[in-house]
Amino acid sequence: MSIAGNLNAIRATLPFHVKLVCVSKFHPNDSILEAYAAGEKVFGESKVQEVCQKYDTLPKDIVWHFIGHLQTNKVKFLVPFVALIHGVDTLRLLEEINKQAAKAGRTVDCLLQVHIAREETKFGFSPEEVNDALNSGIFDTLNSVRIRGLMGMATFTDNEAQVRAEFRSLKTLFDQLKTSYFSDKPWFDTLSMGMSDDYRIAIEEGSTMVRVGSSIFGARQY
Ligand SMILES: *Cc1c(COP(=O)(O)O)cnc(C)c1O
């Protein structure tokens with residue numbers, strides 16, 4: 001099927017409250033423009049250099065999300081235009097985003113990445129680390145970042161019960177934070193979980209934002 005056809009097929013399966021991030025990493029501008037022509041404005045990228053090039057050359061009303069692992073020394077390149085950083089996995093990174101955002105005179109929306117998978121290689125805070133960081137009071141001093149919610153990735157496995165349990169644990173943490181630390185912060189409203197292979201499960205478990213790439217654009221050429 002065409003990119004527009006794939007996109008519309010996915011859209012048809014999304015409940016009203018679930019937002020789609022169209023993951024365009026490793027796909028050329030032409031593919032992005034095809035999705036754009038089908039009405040898509042929100043794209044997700046995972047490499048700083050790639051998203052900066054795409055930002056420079058594609059329509060300026062595209063909303064860019066950064067979904068990859070972000071190194072602190074590259075934050076300054078993203079901050080002028082990025083709409084949402086999904087993978088904030090250390091306090092040091094959050095502090096750097098805050099510093100660069102203040103310099104650029106903007107507030108940058110971020111999601112805290114939480115490690116929910118059994119796999120060891122995935123980045124992210126543990127649920128305990130998130131709680132500790134919030135309770136430390138450090139967040140209250142970072143006025144140029146806004147924590148919009150949490151992001152997580154399930155284990156890459158066919159075991160649906162495991163994937164479901166991992167998503168459920170993230171939703172539980174999200175709800176707990178929403179009624180405690182973030183109870184007076186209405187902008188804490190985003191739970192980013194679910195990719196091509198598991199977004200349906202993620203939605204059933206409470207996702208509000210799915211990041212879908214290959215089901216729209218086909219396989220990536222690395
Ligand atoms: C690449 C990527 C996706 C999209 O994965 P697909 O399986 O192609 O849908 C989603 N989230 C993150 C963090 C990614 O790196």
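Trainee: How far is a polar side-chain atom of Arg-220 from an oxygen atom of the ligand?
Mentor: It's 2.7 Å, which fits the cut-off here: a polar contact is a pair of N or O atoms within 3.5 Å, and within protein one must be able to donate a hydrogen and the other to accept it, with residues adjacent in sequence counting only if both atoms are side-chain atoms. Keep in mind that this is a predicted model, where local features need pLDDT of at least 70 and side-chain atom pairs count only at pLDDT 80 or more, while totals for chains, interfaces and linings use all residues. Residues are numbered from 1 along each chain as its sequence is written, and side-chain values use heavy atoms, with hydrogens and water left out.

Trainee: How much of the ligand does the protein bury?
Mentor: The ligand taken alone exposes 380 Å², and the protein buries 90% of that. Those areas come from the Shrake-Rupley method with a 1.4 Å probe, and for residues only the protein chains shown count as cover.

Trainee: Which side chain sits 2.6 Å from a ligand oxygen atom?
Mentor: Ser-214, through a polar side-chain atom. On the nitrogen side, Arg-211 has a side-chain N or O atom 2.8 Å from a nitrogen atom of the ligand.

Trainee: Which residues surround the ligand?
Mentor: Val-23, Lys-25, Ile-67, Met-151, Met-153, Met-195, Ser-196, Arg-211, Val-212, Gly-213, Ser-214 and Arg-220. A residue makes that list if one of its heavy atoms lies within 4 Å of the ligand.

Trainee: What's the split by class?
Mentor: The shell has six nonpolar, three polar and three charged residues. Ala, Val, Leu, Ile, Met, Phe, Trp, Tyr, Cys and Pro count as nonpolar, Asp, Glu, Lys and Arg as charged, and the others, Gly among them, as polar.

Trainee: What does UniProt place at Lys-25?
Mentor: The feature "modified residue: N6-(pyridoxal phosphate)lysine", from an unreviewed entry. UniProt positions are in the numbering used here, feature names are shortened, and annotations may be inferred rather than shown by experiment.

Trainee: Where does Lys-25 lie, and is it buried or exposed?
Mentor: Lys-25 is in the loop between strand S1 (19–23) and helix H2 (29–37). Helices (H or I, at least four residues) and strands (E, at least two) are DSSP runs, numbered from the N terminus. Lys-25 counts as buried because its relative accessibility is 17%; the scale is buried under 20% relative accessible area, exposed over 50% and partly exposed in between, with a 1.4 Å probe and protein chains only.

Trainee: And what does Lys-25 touch?
Mentor: Leaving out residues up to four places away in sequence, Lys-25 touches Gly-44, Glu-45, Ser-46, Glu-50, Lys-54 and Arg-220. Contact means heavy atoms within 4.5 Å. Arg-220 also has that 2.7 Å pair with the ligand.

Trainee: Where's Lys-54?
Mentor: In helix H3, residues 48–57. Lys-54 is buried, with a relative accessible area of 5%. With the same sequence filter, Lys-54 touches partners including Ser-24, Lys-25, Phe-26 and Trp-64.

Trainee: Which phi does Phe-26 have?
Mentor: A positive one, about 70°, although Phe-26 is not a glycine. Phe-26 lies in the loop between S1 and H2 and is partly exposed at 29%.

Trainee: Switching over, where is Glu-40?
Mentor: In the loop between H2 and strand S2 (42–45). Glu-40 counts as buried, at 7% relative accessibility.

Trainee: Which side chain joins that of Glu-40 in a polar contact?
Mentor: Arg-11, at 3.4 Å. Leu-7 is also among the residues Glu-40 touches beyond four places in sequence, and Leu-7 is one of the buried residues of helix H1 (residues 3–13).

Trainee: What covers the buried part of H1?
Mentor: The cover includes S1, H2, helix H8 (199–204), strand S8 (209–212) and helix H9 (214–217).

Trainee: Last one: where is Ser-207, and what does its side chain reach?
Mentor: Ser-207 is in the loop between H8 and S8, and its side chain reaches the backbone oxygen of Met-209 at 3.1 Å. Ser-207 counts as buried, at 0% relative accessibility. Past its neighbours within four places in sequence, its contacts include His-17 and Leu-191.

Trainee: How far apart are the C-alpha atoms of His-17 and Thr-208?
Mentor: 6.3 Å, though the two are 191 residues apart along the chain. His-17 itself is in the loop between H1 and S1.
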